[in-house]
Amino acid sequence: MPIIVNLDVMMARRKISLGELSEKMGITPSNLSILKTGKAKAIRFSTLDSICNILDCQPGDILEYRPESSGGLEFKI
């Protein structure tokens, strides 16, 4: 998937643990872990808002877009 979640990077920069962040957000550590490891398929804006508020960052600090390569294949139309 071309969306990369950099939550672990921001947490390290802010020196906050998964448990501490999940407690401040009011969600379970396991649900936050799914997001942190990039296994989540979606994120609610309210969750992103809470993360950004607590970590004092922007959504772009958490989410990054990296286009998938075509594996060297060339498509002709």
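## Salt bridges

A salt bridge here is a side-chain nitrogen of Lys or Arg within 4 Å of a carboxyl oxygen of Asp or Glu. The model is predicted. By this rule the protein has two salt bridges.

One joins the side chains of Lys-24 and Glu-20, with N and O 3.6 Å apart. That value falls within the 4 Å limit, so the pair qualifies. Both residues belong to helix α2, where a spacing of four residues puts about one helical turn between them. An α-helix has 3.6 residues a turn, so residues three or four places apart point the same way. Lys-24 is exposed, at 52% relative accessibility. Glu-20 is partly exposed, with a relative accessible area of 36%.

The other salt bridge links Arg-66 with Glu-64. Their closest N and O atoms lie 2.9 Å apart. Arg-66 is partly exposed at 44% relative accessibility. Glu-64 is partly exposed too, with a relative accessible area of 29%.

## Overall layout

The protein has five helices and two strands. Read from the N terminus, the order is β-α-α-α-α-α-β. Of the 77 residues, 23% are buried.

The exposed surface comes to about 5,800 Å². Carbon and sulfur atoms supply 52% of that area. Among contacts with a separation of 6 or more, 62% are between residues 24 or more positions apart.

## Helix α1

Helix α1 covers residues 7-14. Which of its residues are buried? They are Leu-7, Met-10 and Met-11. Down the helix axis these buried residues fall within an arc of 100°, so they line one face of α1. Ala-12 and Arg-13 sit on the other side and are exposed.

What do the buried residues of α1 pack against? Their partners are β1 (3-5), α2 (18-25), α3 (29-36), α4 (45-55) and α5 (59-62).

## The nonpolar core

The largest nonpolar core holds 15 residues. Leu-7, Leu-21, Ile-51, Leu-55 and Ile-62 have the most contacts inside it. Helices α1, α2, α3 and α4 each supply at least two residues of this core. The biggest share comes from α4, which gives four residues.

Leu-55 shows how the parts meet. Setting aside neighbours within four places in sequence, Leu-55 is in contact with Leu-7, Met-10, Met-11, Arg-14, Ile-16, Leu-21 and Ile-62. Of these partners, Leu-7, Met-10 and Met-11 are the buried residues of α1. Leu-7, Leu-21 and Ile-62 also appear among the core residues with the most contacts.

## Two serines

Ser-22 lies in helix α2. Is Ser-22 buried or exposed? The relative accessible area is 3%, under the 20% cut-off, so Ser-22 is buried. Beyond residues up to four places away in sequence, Ser-22 touches Ile-27, Thr-28, Pro-29 and Leu-32.

Ser-69 lies in the segment after β2 (63-65). Its relative accessible area is 66%, over the 50% cut-off, so Ser-69 is exposed. Where does Ser-69 stand relative to Pro-2? The two are 67 residues apart in sequence, with their C-alpha atoms 9.4 Å apart in space.

## Positive phi in two loops

Lys-15 comes just after α1, in the loop between α1 and α2. Its phi is near 55°, a positive value in a residue other than glycine. Lys-15 is exposed, with a relative accessible area of 73%.

Asp-56 occupies the loop between α4 and α5. Its phi is also positive, at about 50°, although Asp-56 is not a glycine. Asp-56 is exposed, with a relative accessible area of 63%.

Terms used: Residues numbered from 1 in each chain as written. Predicted model: local features only at pLDDT ≥ 70, side-chain atom pairs only at ≥ 80, totals over all residues. Heavy atoms only, no water. Buried < 20%, exposed > 50% of the residue type's maximum accessible area, 1.4 Å probe, protein only. Arc of directions from axis to C-beta. Contact = heavy atoms within 4.5 Å. Areas by Shrake-Rupley, 256 points an atom, 1.4 Å probe, with all protein chains shown as cover. Core = buried A, V, L, I, M, F, W, Y, C linked by side-chain atoms within 4.5 Å.
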